[in-house]
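Got the viewer open and a cursor ready? Let's take a walk through this one, one selection at a time.

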Amino acid sequence: MTDLYIYGDITSYKWDESDVGAYDFLKELNDVDTDNLTVHINLFGGSVSEGLVIINMIKEFKGRVITVCASFACSIV
C-alpha cells in the first residue's frame with residue numbers, strides 16, 4: 001500500500017510548499033510501485049484545470065484506489 005497526500009491548494013503555480021500541481025502529483029504517482037493506493041485529501045480547492053488532470057490521473061491508476069478525506073475536500077473553482 002502506498003499513501004499519497006494532497007494537503008494544500010490545487011494550483012499550476014506553486015506559491016507555498018503545500019500547493020499541489022498536476023506535474024508534481026504525476027511524479028509522485030509514477031513512483032508508486034504497489035497495486036494499492038491511498039490518496040489522503042485535505043484541501044480548500046484551487047484550479048479546475050489542474051484538479052481535473054489530477055482526478056484523471058487517479059482514475060487511470062491500474063490498481064485499487066482509496067481516498068481519505070482528512071478534513072476538507074473543497075471545490076476546485
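Strands here are DSSP runs of E at least two residues long, numbered from the N terminus. With that in hand, go to His 40, which sits in strand β2. Bear in mind as you click around that this is a predicted model.

**Stop 1: His 40 and its surroundings**

Select His 40 and switch on a surface. Is His 40 buried or exposed? His 40 has a relative accessible area of 14%, and because the cut-off for buried is under 20%, His 40 counts as buried.

Now show the side chains around it. The side chain of His 40 makes a polar contact of 2.9 Å with the side chain of Asp 3. Setting aside residues up to four places away in sequence, His 40 touches Asp 3, Leu 4, Tyr 5, Ile 6, Tyr 7 and Val 68.

**Stop 2: the strand it belongs to**

Widen the selection to the whole of β2, residues 36-43. Why is β2 largely enclosed by the rest of the structure? Six of its eight residues are buried, so the strand ends up largely enclosed.

**Stop 3: the partner strand**

Add β1, residues 2-6. β1 and β2 pair in the parallel sense, over five bridges. To see individual rungs, pick Asp 3, whose bridge partner in β2 is Thr 38. Then pick Leu 4, which stands opposite Val 39 in β2.

Colour β1 by face next. In a regular strand the side chains alternate between the two faces of the sheet. On the covered face of β1 you'll find Thr 2, Leu 4 and Ile 6, while Asp 3 and Tyr 5 are on the uncovered face. Asp 3 is worth a second click, since you have already met it as the residue whose side chain is in polar contact with that of His 40.

**Stop 4: across to β3**

Select Ile 66, found in strand β3, residues 64-73. Which residues does Ile 66 contact, leaving aside its neighbours within four places in sequence? They are Leu 37, Thr 38 and Val 39. At 28% relative accessibility, Ile 66 counts as partly exposed.

If you like drawing distances, try one from Ile 66 to Val 20: these two are 46 residues apart along the chain, and their C-alpha atoms are separated by 19 Å.

**Stop 5: Thr 11 in the loop**

From there, hop to Thr 11, in the loop between β1 and α1, the latter spanning residues 22-30. Thr 11 is buried, with a relative accessible area of 15%. Look for a polar atom of the Thr 11 side chain, which lies 3.1 Å from the backbone oxygen of Tyr 13. Not counting residues up to four places away in sequence, Thr 11 touches Asp 19, Val 20, Gly 21, Ser 47 and Glu 50.

**Stop 6: the charged trio**

Time for some salt bridges; there are two of them to find. Start at Asp 24 and measure out to Lys 14: the closest N and O atoms of this salt bridge are 3.6 Å apart. The pair links distant parts of the chain, with Asp 24 in helix α1 and Lys 14 in the loop between β1 and α1, ten residues apart.

Asp 24 also forms a salt bridge with Lys 27, the closest N and O atoms here being 3.7 Å apart. Asp 24 and Lys 27 both lie in helix α1, three residues apart, or about one turn of the helix. Salt bridges with shared partners thus join Lys 14, Asp 24 and Lys 27 into one network.

How accessible are they? Asp 24 is partly exposed at 23%, Lys 14 is partly exposed at 45%, and Lys 27 is partly exposed at 43%.

**Stop 7: helix α2**

Finish on helix α2, residues 48-60. Select Ser 49, which lies in this helix and is partly exposed with a relative accessible area of 48%. A polar contact of 3.2 Å joins the side chains of Ser 49 and Ser 47. Draw a line from Ser 49 to Ser 12 as well: they are 37 residues apart along the chain, with C-alpha atoms separated by 8.7 Å.

Last click: Val 48, also placed in α2 and partly exposed at 36%. Which residues join Val 48 in a nonpolar surface patch? Add Leu 52 and Ile 55, and you have the patch of about 230 Å².

Methods: Residues numbered from 1 in each chain as written. Predicted model: local features only at pLDDT ≥ 70, side-chain atom pairs only at ≥ 80, totals over all residues. Heavy atoms only, no water. Helix = DSSP H or I, 4+ residues; strand = E, 2+ residues; numbered from the N terminus. Buried < 20%, exposed > 50% of the residue type's maximum accessible area, 1.4 Å probe, protein only. Polar contact = N/O pair within 3.5 Å; in protein donor to acceptor, adjacent residues only side chain to side chain. Contact = heavy atoms within 4.5 Å. Patch = residues over 30% accessible without salt bridge, like charges linked within 9 Å, V, L, I, M, F, W, Y side chains within 5 Å. Areas by Shrake-Rupley, 256 points an atom, 1.4 Å probe, with all protein chains shown as cover. Salt bridge = Lys/Arg side-chain N within 4 Å of Asp/Glu carboxyl O. Pairing = 2+ DSSP bridges.
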